[in-house]
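Visitor: Could you take me through a close look at the aromatic rings of this protein, and at the parts of the chain around them? I am in my first year, so please explain each term as you come to it.

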Amino acid sequence: MEKSIIQRLIDAGIITKTDIEEYNKQIATGLIKQQVEEHKVEKTKQRFSKIKNGVLIEFDKRDLVDGKYVVPSDVTEIDRKVFSDCSELKQIIIHEGIKEIKYATFALCKNLESVILPDSIEEIGLEAFVGCSIEYIELPKNLKMIGHNAFYGTKLKEVEIPDSVEQMGHGAFAENKSLLVISLPSNLEIVRKDAFAGCVSLKEVVIPEGVKDIREGAFSDCINLERVFLPQSLESIDRYGFGGCSSLININVNSTKREVNLPGNMRYLCHTAFNGTPIRELVRKFATENKIVQYPGQTFDEPKTK
């Protein structure tokens, strides 16, 4: 009968019967399992990034695995600018419980392509992802605020902003030259200054009911933007709101003709709101006929007073 592997090891003097008996005792008492768990804990402790009182205060590139970093489960907060300008970072995974991405946390991480955020995130701060290479990001369903220039100059192709978002800072998605599709939240009242300025790949924009103001340069220089659908709730468009949109042919009309149909609730339309577009004169004509104000108290058919 062929000898077992253990018997061969004993015959070769590599192990003894006493070794086997001791091992069996450890298995029976759970000592081996305990040692394995202790080894795991010890291994977890061997990390280079600095964490103090649950706050990740300094990131060390030695913790990357093939460009990927998984934020440890004992981290409850990530400090500002922690990953800033880390060109080696390609993927980041953040666990549930963290509530905020702070100022410039991932700014200028030029090779960061994949970001996984938990639904616990409520705020994405100023310049949080400016200059990153991310093409797509699923924004958390409990997100309330997107800060100024948060996604400025990224490579996003599509953005769906959840309805939970109530505030969006100026320049939030500006200069995203690959952005093809945007979906704005229903709770948004103001599209702020330069929010989507320079998004040259946009062809159509639907602004949801509830938005009241489109601020200065919000969609300026979107040179391939062909049509815009504005909500009846809209009350004002500030200067250069759609300035430089050189392909814009109609408003609130789904056709290939140059047509304008501004919302009935419009009260104020800056005289430069559509500068540099093919429909500027149509807008002016529409505004004049409907007595829309271009300056406080002054309609388009009245002369400008100093």
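Guide: What follows goes from the confidence of the model to the rings, then to two loop residues and a sheet.

This is a predicted model, in which local features need pLDDT of at least 70 and side-chain atom pairs count only at pLDDT 80 or more, while totals for chains, interfaces and linings use all residues. Residues are numbered from 1 along each chain as its sequence is written, and side-chain values use heavy atoms, with hydrogens and water left out.

The term pLDDT stands for the predictor's confidence in each residue, on a scale from 0 to 100. Its mean for the protein is 89, and 84% of the residues reach 70 or more. Over residues 38-43, however, the pLDDT is below 50, and this stretch has 0 contacts in the model beyond near neighbours in sequence, a contact being heavy atoms within 4.5 Å.

Now to the rings. A pair of aromatic rings is described by the distance of the centres and the angle of the planes. Rings of Phe, Tyr and Trp (for Trp, its six-membered ring) pair if their centres lie within 6.5 Å, and planes under 30 degrees apart count as stacked, over 60 as edge-to-face and the rest as tilted. By this rule the count comes to 11 aromatic pairs. In one of them, Phe-106 and Phe-129, the ring centres are 5.1 Å apart and the planes stand at 10°, so the pair is stacked. Because Phe-106 lies in the loop between β6 and β7 and Phe-129 in the loop between β8 (123-124) and β9 (145-146), the pair ties together parts that are 23 residues apart in sequence. The strands named here (E, at least two residues) are, like helices (H or I, at least four), DSSP runs numbered from the N terminus. Phe-106 counts as buried at 0% relative accessibility, and Phe-129 is buried with a relative accessible area of 0%; buried means under 20% relative accessible area, exposed over 50%, and partly exposed in between (1.4 Å probe, protein chains only).

Phe-196 and Phe-219 also form a stacked pair, with 5.5 Å from centre to centre and 10° between the planes. This pair links distant parts of the chain, 23 residues apart, with Phe-196 in the loop between β13 (190-191) and β14 and Phe-219 in the loop between β15 (213-214) and β16 (227-229). Both Phe-196 and Phe-219 are buried. Ring pairs join these residues into a cluster whose members include Phe-59, Tyr-69, Phe-106, Phe-129, Phe-196, Phe-219 and Phe-274.

In the loop between β6 (100-101) and β7 (114-116) we also find Ala-104, which is buried with a relative accessible area of 3%. Its contacts, not counting residues up to four places away in sequence, are Lys-81, Ser-84, Leu-126, Glu-127 and Ala-128. Ala-104 and Ser-84 are 20 residues apart in sequence and 6.4 Å apart in space, C-alpha to C-alpha.

Asp-60 has its place in the loop between β2 (55-58) and β3 (68-70), and Asp-60 is buried with a relative accessible area of 18%. Leaving out residues up to four places away in sequence, Asp-60 touches Phe-48 and Ser-49.

Finally, 4 strands form an open sheet in the order β14-β16-β18-β19, with parallel pairing. β14 (204-206) and β19 (259-260) stand at the edges with a single partner strand each, so one side of each is left without a neighbour in the sheet. Two strands pair if DSSP finds at least two bridges between them.
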